[in-house]
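This report describes selected features of a molecular model. The structure comes first, and the description follows.

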Amino acid sequence: MMRSPLRLVPRAAPSQSMLVLAPLLAVALTLLVGLIIFAALGHNPLVAFRVFFIDPVSDINGISELLLKASPLCLIALGLAIGFRANIWNIGAEGQMYLGGIFATGLAIWFHREDNAGGLWWLLPAMIVAGALGGAAWAGITAFLRAHLRTNEILVSLMLTYVADMLVKYLVYGPWQDPQSNNFPFTVSFNDDALFPVLAIWEGLGLDSLMEGTRLNLSILLTIIAVPLAWLFMNRSFLGFQLAVAGQAPAAARYAGFSEKKLVWVALLISGAAAGLAGATEVAGPMGQLNDRWTPGYGFTAIIVASLGRLHAFGIVLAALLMALLYLGGESAQIALQLPKAMSLVFQGMLLMFLLGCDVLVNYRVERRRPLHAAADPATTAPTAEAA
Amino acid sequence: MSDQHSSPPLLRLYKVRKSFPSIVAVDGVDLDVRTGEIHAVLGENGAGKSTLMKMIYGALRPDSGSMAWNGAPVSIGSPGEARALGIAMVFQHFSLFESINVVENMALALPGRFDLKALALRISEVSERYGLSLNPWRAVHELSVGERQRVEIVRCLLQSPRLLIMDEPTSVLTPQAVDQLFDTLRLLAAEGTAIVYISHKLDEIRRLCHRATVLRGGRLIAEVDPRVEPERRLAELMIGRDFPETRRRETEVGELALEVMSLSVPGDGPFGTALKGINLRLRTGEVLGIAGISGNGQAELLAALTGEQPVEEAQSIWLNGLPVGQMSAASRRAMGLAFVPEERLGRGAVPPMSLMENGLLTAHRQGMVRHGLVDTGAASAFAAACIKDFDVRCGGISAPAQSLSGGNLQKYIVGRELRQSPRVMIVAQPTWGVDVAASALIRQQLIDLAAHGVAVLVISEDLGEILETCNQVAVIAGGKLSPVRDVSDTNAQEIGTWMAGLFPDATATGHAPDASTGASPA
Amino acid sequence: MIESLNPLLASALAAAIPLMLAALGELVAERAGVLNLGLEGMMLVGALAAFVAVTHGGGLPGAVIAALLAGALFALIFGFVTLTLQANQVAAGLSLTILGTGLSAFLGRQYVGYRAPDSFAELPIPYLSELPLLGPSLFSMSALGYATLALLGIISWFLYRSRAGLILRCVGESPSVARSLGLPVMAVRYGAVAFGGAMAGLAGCYYAVAQFKMWQEGLTSGNGWIALALVVFATWRPARVGLGALLFGGVSALGLYLQAINVHVSVFALSSLPYLATIIVLVAISSDQNAIRRNAPASLGKPFHAGG
C-alpha cells in the first residue's frame, strides 16, 4: 500500500493559535483558488479581485449595503452557533427566516392603510416580536420532533425549509397578493409605520448627510445588541455551558443530569427566533414587502458564517462581514465582468470546505513520515539507534 | 523449555523506545522470549506493557531500537506482518464485531477462501482440543465476556501461532475460568508455543509463568523467575517501594439511604443486558461492593440508580426514604447522590474542557451559578481546592481534563464528588487504569467516606479491590443480583462461583423503606 | 379505473428511480460508517456532467460515465476532508452540498434552456409490459430504471453475501477493531464514499437525461435530502430502500396526478407533499429507536484517526 510522506500526529491539547489561524488560512486558500478561477475564465485576476472585494465597499453606499447584508447573517449565525455548540444541527434557518418574514408581514398587511397614514408606533415593535415568534414556532416543530420523538433534526429542519418556501409562494400568489400587482407574486408595499427607518433620516451625528441615499436601517441596532448578549449566553451563562458540554461530551451531559430535551428546545427556539427576527428585518427593511424572490439564502450562508466565526460571537461578526462582502462581490462581478452570480456560492462552499480541512491543524500536527526501518539494524548485533 | 540456551530466542527486543506527545511510554526495553515458555511482562498501569506489546504486534512502530525474530532482524510494520510471522495477540479489549457471528469474525482475520462451513468445522476442532467450547454460529453480541475471550483465543490458535500474546486476560474471568485458561496456556506452551503474558496480578504470574520481565515507568527494572521470587519482592520491583495498604475503619452503620426493590429494566440498546428483579439495601456508613464481570448489567444498574436512565416504576428505587425511580439525574444529585463513572474522559469529565469547567459540571449547586450566570471565582476556588486536597498533579485549574493522567483525573473526579458532601456515593471501577499509589489513596478515601456516615456503593470487576474496600459484597451476573454477604463471611471461591451466575435467588424482602429504621446489617 | 392509474404508477416509479439510486449509494457509504450529507450537491454535479456529456455528443453511455465519474470525484473531496483530515462529517456534507449547488450553477449557466439531444427512452419489455395492473409501468422503464433495480439486487447480495460486503459492514461497526485485524479501513471508506458519489451522480444523470431532459439550476429540488431520509427510513437495509423510494415516488406522483386531473388544491400544497411525507416517515421510524439502534452502523459519522 502506498503511504503518503506526511502523517498526522495528534496533539496533546488543541492548538489555540491554530483555532485562530485556520479560518485565516481557509480564507487565503479560497482567495487563491478564486484568483485561479478568474484567470482561467480569462480575466485579469487582480482586476477581478478588485471588482469582487474592493469596489463593492469603496464608498459609503457600499459599506451601507455590506452592513445591510451582514446584519441578518450575523443574527442568524449567532442563533445557529448556540445550537451547533451543542451538536444540534439546525440547518433550516432559511425556512425559519421565511416564517419570521411571514409573521411580520401578516401584521403589516393587517394594519395596512391605503393612505399610508397609520402612524402606529407599536406596529414595528410588534412585527419584530412576531417575526421572532414565527421563526421560533417553525423551529419548534423540529425541536418537538427531535426532543420527544428523537427525529433527526437535520432532515426535519431542512424539509421544513422547502415547506416554508411553498408557504411563502402560496401567500404571495394567493391570499396576500397585492391586488394591484397584475398577478405578480408580491404583497403590498408596507406602510412607513411597518418599516425600519433608514439611518439616513437620522439628523444627529451628521448621519443624514453621511448616509444620504443609503438603505441601511435601524434594524442593525438589533444585531449590535444581540452580539454581546449572545457572547454572554455562550460564554458566561450556565445554560450556555450545558449546551457546550452536551456538544463536546453527550455522555458527560447525561452524567451531570443536564436535560437533553430542554437543551434541544433552548437551542432550536433561540436559533429559530434569531432567524425569524432576521426575516422580519428583511421584509420590514430592504424588501419592504413579502415576495417569492427571497434570494440570497441567508439561512444557509449563516451556517458557514457560524463555522467560520468559530461559533464565537465576535468571530461571527467578522465572518458575517466577510460573507456579506462575498455577496456584494458576486453582484459587482456580475455587472462588471458578467460573471454568474453563482460564483458567490462557489466561494462559500470552498471557504467552508477549506476551513474544515484546515481545522485538522487544531488537533493534529503534520509530520514527515519516518522512513520504514532500514534493513540493517539487527537486534542480534550492535544496534543503531534511529533518531526521529 | 529444553533447548532454549542453544538456539537464539524466538523473539528478541533490543533497546526499544516509544514516545507519545506527553510521555515516553517505553524507554529502551530489552526482552527475550523463548519457544515453549510462558513469559510474564509485569508492571502496573502505565508501566508501558501494552505499548511494548503493540510494537511486537505491529500496531505501533518503535521510535528506535531493534527486534529480531528467530535470530534474524525484523521490522514489523503492521498486525498483518506480525501474523505472517506467527505472532498472535489476544487484546484486553476484544477485537470482535458484535453484529456478526463467531465464524464470520474469524473469517475476516484469516486469509484464504471465504468458506464459512469449512471454517466452522475447524473452529469446533480447535476449540475442543484446547478445552475452549464454542458455537461458531452464534452472534458475538449474545456471548458473555468469557466466551468472547475464547473466540479471540481460538481465532489466534487457528493460525497456529508461534508466539501468543495475552494482554491482561483474567480481568474478564471468574476465578474458576482462570484455572481453565491456565490449563489451556500450559498445554500450548508444552506444544512449543511461546506465550507472553501481560499482567499486574502477582499471584497469577507466580502460578503460571516461567520468567517475568518487570517494567516500571516505561523502563526495564528486572528479569526474574517468578516461581521462586516472593510476592512481596515482585510487588516492590513493580511499584518501586512498599506496597501501600489501606486501613480499614470501624464504621457505625446508620440509616437506610438507598433501597432497590424488584428493579427490572430492559437492556440498554440492542446488545444490552436486562436487569431482573434486583433488590439491595444500602445504609449510611456501609461500603457495599458489587462484583461481577462487566457486561452483566452493571451499566444498566448504574444508569437506573443515578437517573441517567430513569426507570418506569418510581417505587423500585428509594433514595433517603423517597421513591426516585422516575426522577432525573439532576434531581437525584440534588438529593445528595454522587457518582463516579467508570469512563473518566467523555462521561466523568469533558475532555477538552478545563478542570474549572469540569468542576462546574456536577458541583454547580455549590454556589457557582447566580442568576443563570456562572460565578467564575467560585468555580475556580472549588477546582483549586479539589486539586489541593486530593493531590492532583496537573497544570492548574485551566488545564484541560484530557491532559491529566488516568490516575490524576480520577482523583480529581472523586474529589469533585466528595466535596459536595454526598449522602450516597456510587463509584464504578474506582481504580481502573490507575497506578497503585493513587489506587490506594482512592480506596482509602472510600473507606473514610463511609466512616463519616456516607453510604458507599462500589461496582468493580476487581474482586481484590472489593474484598479490600467493602464491608459487604454482592455479585451481579446475567442481570441478576446475588444475595448480599458480609465480606468476612465469604471468600474469593464463593464469589467466583457466583460470578458465573451460580447463586441462590436473593431472598427478596419487600419491606416498605423506612429511613428511620437504624437496624444493623445482617 | 385501473387503467387510469397507470400513468400514476409509471410516474411514481419514475420519481422513485433516482431516489433509489442516490439512497443506495448513501446506504453503502453509511454502512461503512461515513455520513455524507452532500447527496444533493453530488447529484447536481452528476446531472450537469451527464448533460454536458450528452450535449457534446457523448451519447447516453457518455452521459452515464460522466455522471459516475463526476459524482465519485466530487465525493472524494468530501472523503479527503473527512477521512484524511478528520473533519466533522455533518459540516463537510453540508459544505459539499453548497459547493455542488454553486459549482453546477456556475459551470452550467450556458447550458440552461437547451434540450438534451439524446435521452433515455422507455424500453417496454414485450409481453411483460402488457400484463395487467403493474405491467405497463414496471416493464416499460428506461434502461436506467432496469439498471437501478438490478443494482438494488447486486448491492443486497454484496452487503450480505460477499466477504467484501462483510468487511464493509464491519468497518462501519468498528473501524478500530477492523484496523486491529489489519482490515483496510481507509481504503474501504474511501471506496464507499466514491461509490456513494457515483450513485448520486447517476441519480443526477437520471434527472437531466431521462426525466427532465434538460439542465436547470437546482433541478434536483431537495430530492438528495429525501434520499438521505430514505436511508434512515430503510434502517440501512437495501430492500427497504427500494420500498421507501416507491412510497416517496408515489407521493410525488400523487401531487402531479392530482394537479393533472384538476383537483382543487393549491399547487404549492401539493408540491410540499414529498417534504411533509419525509417528515412523517422520519417521525414514524423514530418511534422505533430500537430498530434504528440495532441496524445503524455503530461508527456512523464518527471520525476515525488511523494513527501512525
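In this predicted model, helix α6 of chain B (residues 175-190) lies across strands β3, β7 and β8 of chain B. The helix runs at about 145° to β8(B). Helix α1 of chain B, residues 49-56, also lies across strands of chain B, namely β3, β6, β7, β8 and β9.

| Helix | Residues | Strands crossed | Angle |
|---|---|---|---|
| α1 (chain B) | 49-56 | β3, β6, β7, β8 and β9 of chain B | about 150° to β7(B) |
| α6 (chain B) | 175-190 | β3, β7 and β8 of chain B | about 145° to β8(B) |

**The sheet of chain B**

The strands in the table belong to an open sheet of 6 strands in chain B, ordered β6-β7-β8-β3-β9-β10, with mixed pairing. At its edges are β6 (87-90) and β10 (219-224) of chain B, each of which pairs on one side only. On average, neighbouring strands of this sheet are turned by 20° against each other, direction ignored. Strands of a sheet pair through backbone hydrogen bonds, in either a parallel or an antiparallel way. Strand β9 of chain B, residues 211-216, runs antiparallel to β10(B) and is joined to β10(B) by 5 bridges. Across from B:Val214 stands B:Ala222 in β10(B).

**Contact between chains A and C**

Chain C gives 40 residues to the contact and chain A gives 37. On the side of chain C that touches chain A, the elements giving two or more residues are α3 (59-84), α4 (89-107), α10 (223-233), α12 (267-271) and α13 (273-286) of chain C. The most comes from α4(C), with 12 residues. By residue type, this side of chain C divides into 24 nonpolar, 15 polar and 1 charged.

**Nonpolar core**

The largest nonpolar core has 418 residues. A:Ile76, A:Ala77, C:Ala50 and C:Leu230 have the most contacts inside this core. Helix α9 of chain C (residues 185-211) supplies the largest share, 17 residues. Not counting residues up to four places away in sequence, A:Ala77 touches A:Ala302, A:Val305, A:Ala306, A:Gly309, A:Ile316 and A:Ala320.

**A residue of helix α6 in chain C**

C:Leu151 lies in helix α6 of chain C, residues 143-161. Why does C:Leu151 count as partly exposed? C:Leu151 has 18 other C-beta atoms within 10 Å, whereas a buried residue has 20 or more and an exposed one 12 or fewer, so C:Leu151 falls in between. C:Leu151 and C:Gly249 are 98 residues apart along the chain, and their C-alpha atoms are separated by 18 Å.

Methods:
Residues numbered from 1 in each chain as written. Chains lettered and ligands numbered in written order. Predicted model: local features only at pLDDT ≥ 70, side-chain atom pairs only at ≥ 80, totals over all residues. Pairing = 2+ DSSP bridges. Helix = DSSP H or I, 4+ residues; strand = E, 2+ residues; numbered from the N terminus. Axes fitted to C-alpha atoms, helices over the stretch in contact; angles between N-to-C directions. Contact = placed C-beta atoms within 7 Å. Nonpolar A, V, L, I, M, F, W, Y, C, P; charged D, E, K, R; others polar. Core = buried A, V, L, I, M, F, W, Y, C linked by C-beta atoms within 7 Å.
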